[in-house]
Amino acid sequence: MFDLIVKGGTLPDGTVTDIGIAAGRITAIEILNDAEAGETIDATGDLVSPPFVDPHFHMDATLSYGLPRINASGTLLEGIGLWGELKQIMTQEDVVARALDYCDWAASLGLLAIRSHVDTCDDRLLGVEALLAVRDTVKDYIDLQLVAFPQDGFYRDPTARENTIRALDMGVDVVGGIPHFERTMADGAASVKELCEIAANRGLQVDMHCDETDDPLSRHIETLAYETQRLGLQGRVAGSHLTSMHSMDNYYVSKLLPLIAEAEISAIPNPLINIVLQGRHDTYPKRRGLTRVKEMLAMGINVGWGQDCVLDPWYSLGTGDMLDVAFMGLHVAQMTSPDEMRKCFDMVTVDNAKTLGLSDYGLKIGAKASLAILDAGDPIEALRLRANRLCVIANGRIISRSPRGDAALTLKGRPDRIRRRHCIS
Ligand SMILES: [Zn+2]
(Lines give C-alpha, C1' and ligand atoms only; values in the text may rest on other atoms or scores of the structure.)
Protein backbone atom coordinates (compact mmCIF):
# COMPACT_ATOMS: atom_id res chain seq x y z
CA MET A 1 0.00 0.00 0.00
CA PHE A 2 1.42 3.32 -1.09
CA ASP A 3 0.34 6.80 -0.15
CA LEU A 4 0.89 7.95 -3.71
CA ILE A 5 1.78 6.38 -7.06
CA VAL A 6 3.07 8.41 -10.01
CA LYS A 7 2.12 6.25 -12.96
CA GLY A 8 3.77 5.83 -16.33
CA GLY A 9 6.08 8.86 -16.29
CA THR A 10 9.33 9.16 -18.25
CA LEU A 11 12.45 9.68 -16.13
CA PRO A 12 15.24 12.00 -17.39
CA ASP A 13 17.21 8.95 -18.63
CA GLY A 14 14.25 7.81 -20.75
CA THR A 15 13.05 4.99 -18.49
CA VAL A 16 9.25 4.70 -18.39
CA THR A 17 8.13 3.54 -14.97
CA ASP A 18 5.87 4.02 -11.95
CA ILE A 19 7.07 5.55 -8.69
CA GLY A 20 5.60 4.40 -5.39
CA ILE A 21 5.70 6.72 -2.38
CA ALA A 22 5.08 5.89 1.28
CA ALA A 23 5.75 7.91 4.44
CA GLY A 24 7.39 10.71 2.47
CA ARG A 25 9.97 8.45 0.80
CA ILE A 26 10.31 6.79 -2.59
CA THR A 27 9.75 3.11 -1.86
CA ALA A 28 9.37 1.64 -5.37
CA ILE A 29 10.54 2.49 -8.89
CA GLU A 30 9.01 -0.22 -11.06
CA ILE A 31 5.79 -1.00 -12.90
CA LEU A 32 3.19 -1.26 -10.12
CA ASN A 33 0.30 -2.97 -11.87
CA ASP A 34 -2.16 -3.80 -9.13
CA ALA A 35 -0.68 -1.88 -6.23
CA GLU A 36 -3.05 0.10 -4.04
CA ALA A 37 -2.45 3.72 -3.29
CA GLY A 38 -4.17 6.57 -1.50
CA GLU A 39 -3.84 8.58 -4.70
CA THR A 40 -2.57 7.83 -8.20
CA ILE A 41 -1.30 10.48 -10.60
CA ASP A 42 -1.21 9.62 -14.30
CA ALA A 43 2.08 10.91 -15.74
CA THR A 44 1.90 8.96 -19.01
CA GLY A 45 3.97 10.73 -21.66
CA ASP A 46 5.23 13.34 -19.20
CA LEU A 47 8.70 13.88 -17.76
CA VAL A 48 9.16 13.00 -14.10
CA SER A 49 12.20 14.76 -12.72
CA PRO A 50 13.89 15.09 -9.37
CA PRO A 51 13.35 18.61 -7.98
CA PHE A 52 15.20 21.59 -9.35
CA VAL A 53 18.08 22.82 -7.21
CA ASP A 54 19.40 26.40 -7.18
CA PRO A 55 22.96 26.55 -5.80
CA HIS A 56 23.25 30.35 -5.80
CA PHE A 57 20.61 32.82 -4.74
CA HIS A 58 20.17 36.01 -2.67
CA MET A 59 16.89 35.55 -0.83
CA ASP A 60 17.39 38.58 1.43
CA ALA A 61 17.29 40.86 -1.63
CA THR A 62 14.73 39.09 -3.79
CA LEU A 63 11.53 40.83 -4.96
CA SER A 64 12.95 44.21 -3.89
CA TYR A 65 13.26 45.59 -7.44
CA GLY A 66 12.68 49.35 -7.42
CA LEU A 67 13.30 49.73 -3.68
CA PRO A 68 14.29 52.44 -3.06
CA ARG A 69 15.16 53.02 -6.76
CA ILE A 70 16.26 51.00 -9.77
CA ASN A 71 19.86 50.29 -10.82
CA ALA A 72 20.33 52.91 -13.57
CA SER A 73 23.75 51.79 -14.83
CA GLY A 74 22.99 48.07 -14.60
CA THR A 75 26.41 47.36 -13.09
CA LEU A 76 27.38 45.09 -10.20
CA LEU A 77 28.90 48.01 -8.31
CA GLU A 78 25.78 50.21 -8.53
CA GLY A 79 23.77 47.17 -7.44
CA ILE A 80 25.95 46.79 -4.34
CA GLY A 81 25.54 50.52 -3.60
CA LEU A 82 21.78 50.29 -4.07
CA TRP A 83 21.55 47.27 -1.78
CA GLY A 84 23.40 49.36 0.84
CA GLU A 85 20.63 51.98 0.60
CA LEU A 86 17.91 49.35 0.87
CA LYS A 87 19.52 47.76 3.93
CA GLN A 88 19.09 51.05 5.82
CA ILE A 89 15.33 51.06 5.38
CA MET A 90 14.24 47.42 5.28
CA THR A 91 12.71 45.57 8.21
CA GLN A 92 12.91 41.94 9.22
CA GLU A 93 9.20 41.54 8.40
CA ASP A 94 9.85 42.85 4.85
CA VAL A 95 12.62 40.33 4.28
CA VAL A 96 10.55 37.42 5.62
CA ALA A 97 7.51 38.40 3.53
CA ARG A 98 9.49 38.76 0.31
CA ALA A 99 11.41 35.52 0.92
CA LEU A 100 8.23 33.54 1.63
CA ASP A 101 6.60 34.93 -1.51
CA TYR A 102 9.64 33.77 -3.47
CA CYS A 103 9.50 30.33 -1.83
CA ASP A 104 5.87 30.03 -3.01
CA TRP A 105 7.05 30.72 -6.55
CA ALA A 106 9.88 28.22 -6.14
CA ALA A 107 7.55 25.53 -4.79
CA SER A 108 5.18 25.99 -7.74
CA LEU A 109 8.14 25.51 -10.11
CA GLY A 110 9.49 22.38 -8.45
CA LEU A 111 12.50 24.28 -7.09
CA LEU A 112 12.80 22.47 -3.78
CA ALA A 113 16.42 23.07 -2.73
CA ILE A 114 18.01 26.51 -2.65
CA ARG A 115 21.38 27.74 -1.42
CA SER A 116 20.97 31.40 -0.56
CA HIS A 117 23.69 33.81 0.44
CA VAL A 118 22.70 36.16 3.24
CA ASP A 119 24.45 39.48 3.78
CA THR A 120 26.41 39.58 7.04
CA CYS A 121 27.54 43.22 6.69
CA ASP A 122 24.84 44.62 8.93
CA ASP A 123 25.40 45.00 12.64
CA ARG A 124 21.77 44.08 13.30
CA LEU A 125 22.08 40.87 11.22
CA LEU A 126 18.47 41.47 10.30
CA GLY A 127 18.63 39.47 7.07
CA VAL A 128 20.30 36.57 8.85
CA GLU A 129 17.58 36.42 11.50
CA ALA A 130 14.89 36.71 8.82
CA LEU A 131 16.25 33.93 6.60
CA LEU A 132 16.90 31.61 9.56
CA ALA A 133 13.19 31.97 10.35
CA VAL A 134 12.27 31.38 6.70
CA ARG A 135 14.51 28.29 6.57
CA ASP A 136 12.47 26.85 9.41
CA THR A 137 9.09 27.87 7.97
CA VAL A 138 9.70 26.20 4.58
CA LYS A 139 11.61 23.14 5.79
CA ASP A 140 8.82 20.69 4.95
CA TYR A 141 8.99 21.56 1.24
CA ILE A 142 12.22 23.48 0.52
CA ASP A 143 15.74 22.66 1.69
CA LEU A 144 17.09 26.17 2.26
CA GLN A 145 20.84 26.30 2.84
CA LEU A 146 22.22 29.65 3.99
CA VAL A 147 25.67 31.07 3.23
CA ALA A 148 27.23 33.74 5.47
CA PHE A 149 28.12 36.36 2.86
CA PRO A 150 30.18 39.44 3.82
CA GLN A 151 28.85 41.39 0.84
CA ASP A 152 30.87 44.57 1.54
CA GLY A 153 34.11 42.66 2.04
CA PHE A 154 35.28 40.48 4.95
CA TYR A 155 38.12 42.94 5.63
CA ARG A 156 36.93 45.99 3.69
CA ASP A 157 33.85 46.43 5.88
CA PRO A 158 34.92 47.28 9.45
CA THR A 159 32.57 44.85 11.24
CA ALA A 160 32.05 42.17 8.58
CA ARG A 161 34.52 39.72 10.10
CA GLU A 162 32.88 39.80 13.52
CA ASN A 163 29.34 39.72 12.08
CA THR A 164 30.10 36.84 9.71
CA ILE A 165 31.34 34.76 12.64
CA ARG A 166 28.24 35.76 14.65
CA ALA A 167 26.03 34.64 11.75
CA LEU A 168 27.74 31.24 11.71
CA ASP A 169 27.24 30.98 15.48
CA MET A 170 23.53 31.67 14.90
CA GLY A 171 23.26 28.64 12.62
CA VAL A 172 24.06 29.79 9.10
CA ASP A 173 25.18 26.69 7.20
CA VAL A 174 27.98 27.64 4.80
CA VAL A 175 30.95 30.07 4.78
CA GLY A 176 30.94 32.66 1.97
CA GLY A 177 33.21 35.46 0.82
CA ILE A 178 33.85 38.02 -1.90
CA PRO A 179 37.62 38.26 -2.34
CA HIS A 180 37.52 40.38 -5.52
CA PHE A 181 35.72 43.13 -3.57
CA GLU A 182 38.44 43.48 -0.93
CA ARG A 183 40.71 46.52 -1.27
CA THR A 184 43.68 44.67 -2.73
CA MET A 185 44.47 41.33 -4.34
CA ALA A 186 46.48 40.54 -1.19
CA ASP A 187 43.50 41.24 1.08
CA GLY A 188 41.33 39.13 -1.21
CA ALA A 189 43.71 36.18 -0.96
CA ALA A 190 43.97 36.64 2.83
CA SER A 191 40.18 36.61 3.11
CA VAL A 192 39.99 33.33 1.19
CA LYS A 193 42.60 31.83 3.51
CA GLU A 194 40.90 32.92 6.75
CA LEU A 195 37.37 32.04 5.61
CA CYS A 196 38.48 28.56 4.52
CA GLU A 197 40.17 28.10 7.91
CA ILE A 198 36.93 29.10 9.66
CA ALA A 199 35.03 26.54 7.57
CA ALA A 200 37.59 23.81 8.24
CA ASN A 201 37.49 24.47 12.00
CA ARG A 202 33.70 24.32 12.06
CA GLY A 203 33.29 21.42 9.62
CA LEU A 204 31.32 23.61 7.20
CA GLN A 205 31.15 23.93 3.44
CA VAL A 206 32.51 26.97 1.58
CA ASP A 207 30.88 28.88 -1.27
CA MET A 208 32.59 32.07 -2.37
CA HIS A 209 31.64 34.72 -4.85
CA CYS A 210 34.94 34.43 -6.63
CA ASP A 211 36.36 36.66 -9.35
CA GLU A 212 33.00 38.10 -10.41
CA THR A 213 34.79 40.62 -12.58
CA ASP A 214 36.04 41.07 -16.14
CA ASP A 215 39.59 41.55 -14.83
CA PRO A 216 41.66 38.66 -16.27
CA LEU A 217 44.13 39.04 -13.41
CA SER A 218 41.54 38.38 -10.71
CA ARG A 219 42.76 34.95 -9.65
CA HIS A 220 41.21 34.23 -6.28
CA ILE A 221 39.95 30.89 -7.58
CA GLU A 222 43.60 29.81 -7.61
CA THR A 223 43.87 30.66 -3.89
CA LEU A 224 40.54 28.96 -3.20
CA ALA A 225 41.81 25.77 -4.87
CA TYR A 226 45.07 25.99 -2.91
CA GLU A 227 43.37 26.51 0.47
CA THR A 228 40.88 23.73 -0.27
CA GLN A 229 43.79 21.35 -0.78
CA ARG A 230 45.78 22.61 2.19
CA LEU A 231 42.87 22.29 4.61
CA GLY A 232 41.48 19.00 3.30
CA LEU A 233 38.19 20.58 2.21
CA GLN A 234 37.98 18.65 -1.08
CA GLY A 235 34.41 18.15 -2.26
CA ARG A 236 33.02 20.75 0.17
CA VAL A 237 33.92 23.97 -1.65
CA ALA A 238 32.20 25.88 -4.45
CA GLY A 239 33.37 28.84 -6.50
CA SER A 240 30.49 31.02 -7.64
CA HIS A 241 30.60 33.11 -10.84
CA LEU A 242 34.32 32.74 -11.76
CA THR A 243 33.69 35.22 -14.57
CA SER A 244 37.28 36.52 -14.76
CA MET A 245 38.11 33.11 -16.26
CA HIS A 246 36.25 34.25 -19.38
CA SER A 247 38.93 36.89 -19.92
CA MET A 248 42.00 35.01 -18.69
CA ASP A 249 44.96 34.02 -20.79
CA ASN A 250 44.48 30.51 -22.23
CA TYR A 251 47.86 29.31 -21.03
CA TYR A 252 47.08 30.28 -17.45
CA VAL A 253 43.66 28.58 -17.63
CA SER A 254 45.38 25.38 -18.78
CA LYS A 255 47.23 25.42 -15.46
CA LEU A 256 44.25 26.55 -13.39
CA LEU A 257 41.60 24.00 -14.42
CA PRO A 258 43.55 20.94 -13.20
CA LEU A 259 44.01 22.70 -9.83
CA ILE A 260 40.24 23.23 -9.53
CA ALA A 261 39.60 19.61 -10.54
CA GLU A 262 42.18 18.28 -8.07
CA ALA A 263 40.59 20.30 -5.24
CA GLU A 264 37.14 18.92 -6.23
CA ILE A 265 35.71 22.43 -6.25
CA SER A 266 32.24 22.80 -7.75
CA ALA A 267 31.69 25.72 -10.12
CA ILE A 268 28.51 27.79 -10.14
CA PRO A 269 28.07 30.00 -13.21
CA ASN A 270 25.05 32.30 -13.05
CA PRO A 271 24.20 32.95 -16.69
CA LEU A 272 21.16 35.22 -16.38
CA ILE A 273 22.91 37.70 -14.16
CA ASN A 274 26.41 37.57 -15.62
CA ILE A 275 25.25 38.02 -19.21
CA VAL A 276 23.74 41.35 -18.12
CA LEU A 277 26.37 42.48 -15.58
CA GLN A 278 29.65 41.60 -17.27
CA GLY A 279 31.25 43.37 -20.20
CA ARG A 280 29.66 46.68 -19.15
CA HIS A 281 32.96 48.52 -19.56
CA ASP A 282 33.59 47.01 -23.00
CA THR A 283 32.85 48.59 -26.34
CA TYR A 284 33.04 45.91 -29.06
CA PRO A 285 33.75 43.06 -29.07
CA LYS A 286 31.76 42.86 -25.82
CA ARG A 287 32.59 39.96 -23.52
CA ARG A 288 29.83 37.55 -22.47
CA GLY A 289 31.12 37.25 -18.94
CA LEU A 290 30.36 33.57 -18.50
CA THR A 291 33.04 31.34 -17.04
CA ARG A 292 34.52 28.47 -19.11
CA VAL A 293 31.74 25.96 -18.61
CA LYS A 294 32.49 23.41 -21.32
CA GLU A 295 36.19 23.42 -20.51
CA MET A 296 35.52 22.76 -16.83
CA LEU A 297 33.05 19.99 -17.65
CA ALA A 298 35.68 18.39 -19.91
CA MET A 299 38.05 18.34 -16.91
CA GLY A 300 35.46 16.46 -14.84
CA ILE A 301 34.67 19.48 -12.63
CA ASN A 302 31.15 19.55 -11.19
CA VAL A 303 29.43 22.59 -12.75
CA GLY A 304 25.85 23.66 -12.09
CA TRP A 305 23.80 26.66 -13.19
CA GLY A 306 22.73 29.14 -10.51
CA GLN A 307 19.95 31.71 -10.55
CA ASP A 308 21.57 34.40 -8.36
CA CYS A 309 18.89 37.08 -8.51
CA VAL A 310 15.18 37.62 -9.11
CA LEU A 311 13.82 41.18 -9.16
CA ASP A 312 16.49 42.81 -7.02
CA PRO A 313 19.17 45.55 -7.23
CA TRP A 314 21.22 43.47 -9.69
CA TYR A 315 18.61 41.89 -11.95
CA SER A 316 15.29 43.33 -13.06
CA LEU A 317 13.68 40.09 -14.26
CA GLY A 318 13.51 36.44 -13.18
CA THR A 319 10.86 34.01 -11.97
CA GLY A 320 12.59 31.32 -9.96
CA ASP A 321 12.38 28.92 -12.88
CA MET A 322 15.63 26.95 -13.12
CA LEU A 323 14.67 26.01 -16.69
CA ASP A 324 15.06 29.70 -17.61
CA VAL A 325 18.50 29.65 -16.00
CA ALA A 326 19.56 26.50 -17.86
CA PHE A 327 18.07 27.84 -21.10
CA MET A 328 20.20 30.98 -20.89
CA GLY A 329 23.28 28.97 -19.89
CA LEU A 330 22.77 26.61 -22.82
CA HIS A 331 22.75 29.55 -25.23
CA VAL A 332 25.61 31.58 -23.80
CA ALA A 333 27.86 28.53 -23.36
CA GLN A 334 26.78 27.20 -26.78
CA MET A 335 25.83 23.81 -25.34
CA THR A 336 23.60 22.81 -28.23
CA SER A 337 24.37 19.15 -28.97
CA PRO A 338 21.78 16.67 -27.61
CA ASP A 339 24.21 15.47 -24.92
CA GLU A 340 25.07 19.04 -23.94
CA MET A 341 21.42 20.04 -23.72
CA ARG A 342 20.71 17.04 -21.50
CA LYS A 343 23.69 18.04 -19.41
CA CYS A 344 22.15 21.50 -18.95
CA PHE A 345 19.10 19.83 -17.40
CA ASP A 346 21.35 17.83 -15.04
CA MET A 347 23.09 21.11 -14.19
CA VAL A 348 19.91 22.44 -12.56
CA THR A 349 19.01 19.14 -10.88
CA VAL A 350 21.44 16.35 -9.92
CA ASP A 351 24.69 18.28 -10.41
CA ASN A 352 23.51 21.13 -8.19
CA ALA A 353 22.33 18.59 -5.59
CA LYS A 354 25.93 17.38 -5.52
CA THR A 355 27.21 20.92 -4.94
CA LEU A 356 24.84 21.36 -2.00
CA GLY A 357 25.74 17.93 -0.61
CA LEU A 358 22.09 16.78 -0.56
CA SER A 359 22.27 13.15 0.53
CA ASP A 360 18.68 11.91 0.17
CA TYR A 361 17.95 13.67 -3.12
CA GLY A 362 16.99 12.03 -6.40
CA LEU A 363 14.72 9.48 -7.99
CA LYS A 364 15.97 6.46 -6.08
CA ILE A 365 14.59 4.08 -3.49
CA GLY A 366 14.87 5.55 0.00
CA ALA A 367 15.27 9.14 -1.18
CA LYS A 368 12.91 11.92 -0.15
CA ALA A 369 9.77 11.65 -2.26
CA SER A 370 10.22 15.04 -3.90
CA LEU A 371 9.77 15.40 -7.65
CA ALA A 372 8.17 17.37 -10.43
CA ILE A 373 6.00 16.19 -13.32
CA LEU A 374 6.58 18.36 -16.38
CA ASP A 375 4.53 18.99 -19.52
CA ALA A 376 7.37 17.68 -21.69
CA GLY A 377 8.53 14.36 -23.09
CA ASP A 378 12.17 14.60 -22.10
CA PRO A 379 14.72 17.01 -20.57
CA ILE A 380 15.51 18.72 -23.88
CA GLU A 381 11.84 19.43 -24.51
CA ALA A 382 11.50 20.67 -20.94
CA LEU A 383 14.25 23.21 -21.67
CA ARG A 384 12.85 24.24 -25.05
CA LEU A 385 9.37 24.84 -23.66
CA ARG A 386 10.38 25.89 -20.14
CA ALA A 387 7.61 23.36 -19.58
CA ASN A 388 4.84 23.79 -17.03
CA ARG A 389 5.21 21.91 -13.78
CA LEU A 390 1.98 19.89 -13.89
CA CYS A 391 2.46 18.59 -10.39
CA VAL A 392 5.08 19.16 -7.69
CA ILE A 393 5.50 16.67 -4.85
CA ALA A 394 7.55 17.49 -1.74
CA ASN A 395 8.28 14.79 0.83
CA GLY A 396 5.42 12.70 -0.49
CA ARG A 397 2.85 15.49 -0.48
CA ILE A 398 1.40 17.24 -3.54
CA ILE A 399 2.18 20.92 -3.03
CA SER A 400 1.39 22.47 -6.41
CA ARG A 401 -0.46 21.80 -9.64
CA SER A 402 -0.40 23.76 -12.91
CA PRO A 403 -2.32 23.31 -16.17
CA ARG A 404 -0.65 22.18 -19.39
CA GLY A 405 0.76 24.81 -21.73
CA ASP A 406 -1.91 24.13 -24.35
CA ALA A 407 -3.55 26.84 -26.45
CA ALA A 408 -7.01 26.98 -28.01
CA LEU A 409 -6.92 27.99 -31.69
CA THR A 410 -9.73 29.49 -33.75
CA LEU A 411 -8.22 29.11 -37.23
CA LYS A 412 -10.29 27.72 -40.08
CA GLY A 413 -9.13 24.23 -41.08
CA ARG A 414 -6.61 23.98 -38.25
CA PRO A 415 -6.89 22.06 -34.96
CA ASP A 416 -8.87 23.75 -32.23
CA ARG A 417 -6.27 22.91 -29.59
CA ILE A 418 -2.47 22.63 -29.81
CA ARG A 419 0.31 21.45 -27.58
CA ARG A 420 3.73 22.68 -28.68
CA ARG A 421 5.37 19.36 -27.89
CA HIS A 422 7.60 17.70 -30.44
CA CYS A 423 9.65 15.20 -28.48
CA ILE A 424 11.68 13.08 -30.91
CA SER A 425 13.68 10.92 -28.53
ZN1 LIG B 1 25.58 36.14 -5.85
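Start by selecting residues 39-399, the stretch that an unreviewed UniProt entry marks as "domain: Amidohydrolase". You are looking at a predicted model. Click on the two end C-alpha atoms of residues 39-399: they lie 14 Å apart. Colour the span by secondary structure, and you will find 40% helix and 16% strand.

Next, select helix α4, residues 160-169. Which of its residues are buried? Show the side chains of Ala160, Asn163, Thr164, Ala167 and Leu168 to see them. These residues sit on the same side of α4, because they cover an arc of only 145° around the axis. Now turn the helix to its other side, where Glu162 and Asp169 are exposed.

What do the buried residues of α4 pack against? Bring up two helices, α3 (126-137) and α5 (185-202), together with two strands, β8 (143-149) and β9 (174-175). Before leaving this area, step just past the end of α4 to Gly171, which takes a positive phi of about 115°.

For the last stop, select helix α6 (residues 220-230) and helix α8 (residues 250-262). The two pack at an angle of about 35°, and their axes are 9 Å apart. Rotate the view until one helix lies over the other: α6 passes α8 in a left-handed crossing.

Then show the residues where the helices meet. From α6, pick Ile221, Glu222, Ala225 and Gln229; their partners in α8 are Leu256, Leu259, Ile260 and Glu262. Colour this contact of α6 with α8 by residue type, and you will see five nonpolar residues, one polar and two charged.

Definitions and conventions
Residues numbered from 1 in each chain as written. Predicted model: local features only at pLDDT ≥ 70, side-chain atom pairs only at ≥ 80, totals over all residues. UniProt positions renumbered as here; feature names shortened; annotations may be inferred. Helix = DSSP H or I, 4+ residues; strand = E, 2+ residues; numbered from the N terminus. Buried ≥ 20, exposed ≤ 12 C-beta atoms within 10 Å, placed from the backbone. Arc of directions from axis to C-beta. Contact = placed C-beta atoms within 7 Å. Axes fitted to C-alpha atoms, helices over the stretch in contact; angles between N-to-C directions. Left-handed = near helix turned anticlockwise from the far one by under 90°. Nonpolar A, V, L, I, M, F, W, Y, C, P; charged D, E, K, R; others polar.
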